[in-house]
There are 2 protein chains.
Amino acid sequence: MKIAVDAMGGDYAPGVVIEGLTMALCDFPAYDFVLVGPVAKLGFYLEKYGIAGHPRLTLVNADTVCEMSEPSAISLRAKRNSSITVCARLLKEKQVDAMVTPGHTGATVAATKVLVRTLPGIDRPALAASLPAREGRFILMDAGANPDCTPVNLVQFAIMGEIYAQYLFELDRPRIGLLSVGGEDIKGSGLTKETFKLLENMPLNFVGNVEADTVFEGVTDVLICDGFSGNVLLKGVEGLAKSTIFWLKRVLTKNALRLVGAMLAKNAFRELRAFGDADDIGGAPLLGINGICIIGHGSSSPKAVRNAIRVAGECVTFGLNERIVAKLNEAGATTAELGKRLAAEKN
Amino acid sequence: MKIAVDAMGGDYAPGVVIEGLTMALCDFPAYDFVLVGPVAKLGFYLEKYGIAGHPRLTLVNADTVCEMSEPSAISLRAKRNSSITVCARLLKEKQVDAMVTPGHTGATVAATKVLVRTLPGIDRPALAASLPAREGRFILMDAGANPDCTPVNLVQFAIMGEIYAQYLFELDRPRIGLLSVGGEDIKGSGLTKETFKLLENMPLNFVGNVEADTVFEGVTDVLICDGFSGNVLLKGVEGLAKSTIFWLKRVLTKNALRLVGAMLAKNAFRELRAFGDADDIGGAPLLGINGICIIGHGSSSPKAVRNAIRVAGECVTFGLNERIVAKLNEAGATTAELGKRLAAEKN
């Protein structure tokens, strides 16, 4: 098992990444690592964390970095030797089994889509984010890799989501819900109505349309949607969570009595914040590409980097992609077969 | 000024509605009211709140009710004499200037679309919800009336949203943002890219693409989107807010110290809850129909009903619809003119 790690991904690179890698080297003795970045700049941190010259660590040079502020396509055009692009190339050439970057989501999606390509039978990859439910979590996909989707894409997301949930939640038949509006009356958009009909006939535990206000109550294990509304939901709840902390601070600091109350309960607020954290998963896989790629949050902690590496390794061992391809064929859900099915319906 | 009020709208009808109407009769002496519902059942509440036989109150009978659990189209098919449908008919026949229902959003949209029709030059109406920003509020539209939208629809929503924000926030040139994903890189979906180009050339204070995580920071006064992603955002944040209260209770009741802290700060939590309330606005107008229609939350309080009535009256006095039509023509944004513009671009 060999995993490429993008040293330059995220807001606190390379320090945080190398600290996380150090934890992974210790915790996962069966994995080998390729650290990708500007080698000259990495030495200081490798010395600092005591992993310079580690027998299970190889360095691969990448001169440039895709800054978080730069457009996604930068990884393909101006920065062909960025750490993200080099990781994607290693994955494409099967020099590594998986890649991990706590970095630029857009640039990673662009680079892996073009370089690594999709699994046989898959039209588009999808970003599988995980969000907190009242108990446990649920998977939201696509969280933003494809702003425009077809019913074929959404059905394939459902297949990929089932397999990923089988790994992540250790469920045999995870519930698959379709993000929609208006419950049983408006019954959603043209896209969701057509997708609904296809999903009903798939060998999946399809629980039907799910509205966005009930997802946090844990009504589904996997929430399927196009990348536009998925990203709106993900970013919207992130934004509200941040503003809730802001409002909470404001109301709790209004007078001395409340301040004392807030002090007494301060560990509760710390726990509340933790509900949103995905540190124990470490990142969102980009499912459907011909390799394993885990994308962490830009503000990943060392622990999150370590866990993204764990998830990457476990996905390889689980045979995530092999299982996706097998299920896709079993369900008749390859792009070609779904296309035939839709064409037959129209005639 | 005559306003129709749906007595049977909302979860606590007709008691809450009639209590709110009683407040409105007292606070707005210039308005006349038509209360619509099963007359035989209303007497008890009219007596209770002391407004039976009030000189500015007329009763109009409506035998049936669109229950919240019933599909939207019920108002048009099986329940042609429901309180919502009768209100819409009064509005269509200009027997009233405005209607207010704290009721079934879907049924109201369906009934008014078909019976009242749209303003001249408007293709589709939009539901204009208001959400809290860190300071003040912003308008989200379409919040769910149209799951599938065209760029023409979105441009018209922007025009309508500007006028409504001029009334609601008393701003000369409210900022208009387009809900999108990926900031400057992916630049959104096909729909938002085409809409962006049209909005750039409109006489509006268009601030460009806005991502869902920044909207609560107050970066725009009006957020334009299709009704699918708008509803996902609205319901998503409602759902997260509810679950946050759930999580907050759980972490605050874990031990005695935290409980004492929570008791001391309990007014702060009450204030926090209030950030989400829209009681001072009372409801969301359905903009673009040929009349004023305010739709309240199903769980509206009497105060919210009273304020929805205030907003309805103020929208009439403000000349909301006349201003929308004038701006639409000034901007060359009628359905016909935008259609011509798009056709010319393609040639």
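**Exercise 1. The contact between the chains**

Task: In this predicted model, find how many residues chain A and chain B each bring to their contact. Then find which element of chain A gives the most to the side that touches chain B.

Solution.
Step 1. Count each side. Chain A brings 54 residues, and chain B brings 54 residues.
Step 2. List the elements of chain A that give two or more residues to this side. They are α7 (227–252), α8 (256–264) and α9 (266–276).
Step 3. Pick the main contributor. α7(A) gives the most, with 19 residues.
Step 4. Sort the chain A side by class. It divides into 28 nonpolar, 15 polar and 11 charged residues.
Step 5. Compare the two surfaces. Of the interface residues of chain A, 100% are also interface residues in chain B, so the copies meet through the same surface.

**Exercise 2. The symmetry of the pair**

Task: Work out what rotation and what shift superpose chain A on chain B, and name the relation.

Solution.
Step 1. Recall the principle. Two copies of a chain are related by a rotation about an axis and a shift along it.
Step 2. Read off the values. The rotation is 180°, the shift along the axis is 0.0 Å, and the RMSD is 0.0 Å.
Step 3. Name it. This is the relation of a two-fold axis.
Step 4. Locate the axis in chain A. The C-alpha nearest to the axis belongs to A:Gly261, at 1.8 Å.

**Exercise 3. Two domains in chain A**

Task: Give the bounds of the two domains of chain A. Then describe how domain 1 touches domain 2.

Solution.
Step 1. Set the bounds. The domain assignment gives domain 1 as 1–122 + 288–319 and domain 2 as 130–280.
Step 2. Place the centres. Taken over C-alpha atoms, the centres of domain 1 and domain 2 of chain A are 26 Å apart.
Step 3. Count the contact. In chain A, 11 residues of domain 1 are in contact with 7 residues of domain 2.
Step 4. Find the elements. On the domain 1 side, α4 (105–115) and α10 (302–318) of chain A give two or more residues. The largest share, 6 residues, comes from α10(A).
Step 5. Sort by class. The domain 1 side has 5 nonpolar, 4 polar and 2 charged residues.

**Exercise 4. Helices α5 and α6 of chain A**

Task: Decide whether α5(A) is oblique or roughly parallel to α6(A).

Solution.
Step 1. Recall what is needed. Two packed helices are described by the angle between their axes and the distance between the axes.
Step 2. Take the values. The axes of α5 (residues 151–168) and α6 (residues 190–200) of chain A come within 9 Å and cross at roughly 50°.
Step 3. Conclude. That makes α5(A) oblique to α6(A).
Step 4. Add the hand. The crossing of α5(A) and α6(A) is right-handed.
Step 5. Find the residues. From α5(A) come A:Pro151, A:Leu154, A:Val155 and A:Ala158. From α6(A) come A:Leu191, A:Glu194, A:Thr195, A:Leu198 and A:Leu199.
Step 6. Sort them. The contact has 7 nonpolar, 1 polar and 1 charged residues.

**Exercise 5. Helices α3 and α4 of chain B**

Task: Repeat the analysis for α3(B) and α4(B).

Solution.
Step 1. Take the values. The axes of α3 (residues 83–92) and α4 (residues 105–115) of chain B come within 9 Å and cross at roughly 30°.
Step 2. Apply the cut-off. Angles under 35 degrees count as roughly parallel. Therefore α3(B) and α4(B) are roughly parallel to each other.
Step 3. Add the hand. The crossing of α3(B) and α4(B) is right-handed.
Step 4. Find the residues. B:Ile84, B:Thr85, B:Ala88, B:Arg89 and B:Lys92 of α3(B) meet B:Ala107, B:Thr108, B:Ala111, B:Thr112 and B:Leu115 of α4(B).
Step 5. Sort them. This contact divides into 5 nonpolar, 3 polar and 2 charged residues.

Note on methods
Residues are numbered from 1 along each chain as its sequence is written. Chains are lettered from A and ligands numbered from 1 in the order in which they are written. This is a predicted model: local features need pLDDT of at least 70, side-chain atom pairs count only at pLDDT 80 or more; totals for chains, interfaces and linings use all residues. Two residues are in contact if their C-beta atoms, placed from the backbone, lie within 7 Å. Helices (H or I, at least four residues) and strands (E, at least two) are DSSP runs, numbered from the N terminus. Ala, Val, Leu, Ile, Met, Phe, Trp, Tyr, Cys and Pro count as nonpolar, Asp, Glu, Lys and Arg as charged, and the others, Gly among them, as polar. Axes are lines fitted to C-alpha atoms, for helices over the stretch in contact, and angles run from 0 to 180 degrees between N-to-C directions. Angles under 35 degrees count as roughly parallel, over 145 as roughly antiparallel, 65 to 115 as roughly perpendicular and the rest as oblique. A crossing is left-handed if the near helix is turned anticlockwise from the far one by less than a right angle, and right-handed if clockwise. Domain bounds come from an automatic or database domain assignment. Copies are superposed by least squares on the C-alpha atoms of residues with pLDDT of at least 70 in both.
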